[in-house]
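Hi,

Here is the structure I promised to pass on. Have a look at it first, and my notes follow below.

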Amino acid sequence: MKPKTTERTEPFVSSRFSSDYIRKAHEATFANESAIVHSERCTCFYCGHSFDPSQEEKLHWIEEKPPRERTLRCPMCAIDCVIGSASSFPIEDPEFILACSEAWFGGISRISDGKPVEKLRYVDLILD
Ligand SMILES: [Zn+2]
């Protein structure tokens, strides 16, 4: 028998979450300041980092065009695809996170290759 390869050729598709649902989840990562500050947990769909926004030393926001709210950047990887528990999406369900990650990043996200995430240093990224 041929040994099972660990390389995935097909993108992960979850049967539990429709593409419509995933698209709505994507919208919740944009201009999400009020949802984030009311969330007890947040998860990043790019790197899989899960955190409590009230415990973060500093939250990094992207300014959106008013009257839109600001968009949160992940404290771990700085990508703007963080979703909060207040959005009512199942942000602590690994299958949901993976389904979103695959849908948006098409297998190139940090969690789809299973590699650990290195924390970025914001001092390198932010000029002020
Ligand atoms: Zn991240």
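Which residue is the bridge partner of Cys44 in strand 5? In this predicted model, that partner is Val82. I started from this pair and worked outwards, so the notes run in that order.

**The sheet**

The Cys44 bridge belongs to a pairing between strand 1 (residues 42-44) and strand 5, which run antiparallel and share 3 bridges. Together with strand 2 they make an open sheet of 3 strands in the order 2-1-5, with antiparallel pairing. Strand 2 (50-51) and strand 5 (82-84) are the edge strands, each of them pairing on one side only. As a reminder, strands of a sheet pair through backbone hydrogen bonds, either parallel or antiparallel.

**Around Cys44**

What does Cys44 touch, leaving out residues up to four places away in sequence? The list is His49, Cys74, Met76, Cys77, Ile79, Cys81 and Val82. Val82 therefore turns up both as a contact of Cys44 and as its bridge partner.

**The core**

Cys44 and Val82 also appear in the largest nonpolar core, among the residues with the most contacts inside it; the others are Phe45, Tyr46, Ile83 and Cys100. That core has 22 residues. Helix 2 (33-37), strand 1, strand 5 and helix 3 each put in at least two of them. Helix 3 gives the most, with 5 residues.

**The helix pair**

Helix 3 (residues 94-105) also meets helix 1 (residues 19-27): their axes come within 10 Å and cross at roughly 85 degrees. With that angle, helix 1 counts as roughly perpendicular to helix 3. On the helix 1 side the contact is made by Ser19, Ile22, Ala25 and His26, and on the helix 3 side by Ala99, Cys100, Ala103 and Trp104. By type, these residues are 6 nonpolar, 2 polar and no charged. Cys100 is worth a click in the viewer, as it sits in this helix contact and is also one of the core residues with the most contacts.

**The chain as a whole**

For orientation, the protein chain has 3 helices and 5 strands, and along the sequence they follow the pattern α-α-β-β-β-β-β-α. Of its 128 residues, 28% count as buried. Taking contacts between residues at least 6 apart in sequence, 70% join residues at least 24 apart.

Cheers

Definitions and conventions:
Residues are numbered from 1 along each chain as its sequence is written. This is a predicted model: local features need pLDDT of at least 70, side-chain atom pairs count only at pLDDT 80 or more; totals for chains, interfaces and linings use all residues. Axes are lines fitted to C-alpha atoms, for helices over the stretch in contact, and angles run from 0 to 180 degrees between N-to-C directions. Helices (H or I, at least four residues) and strands (E, at least two) are DSSP runs, numbered from the N terminus. Angles under 35 degrees count as roughly parallel, over 145 as roughly antiparallel, 65 to 115 as roughly perpendicular and the rest as oblique. Two residues are in contact if their C-beta atoms, placed from the backbone, lie within 7 Å. Ala, Val, Leu, Ile, Met, Phe, Trp, Tyr, Cys and Pro count as nonpolar, Asp, Glu, Lys and Arg as charged, and the others, Gly among them, as polar. A residue is buried if 20 or more other C-beta atoms lie within 10 Å of its own, exposed if 12 or fewer, and partly exposed in between; C-beta atoms are placed from the backbone. Two strands pair if DSSP finds at least two bridges between them. A nonpolar core is a set of buried Ala, Val, Leu, Ile, Met, Phe, Trp, Tyr and Cys residues joined through C-beta atoms within 7 Å.
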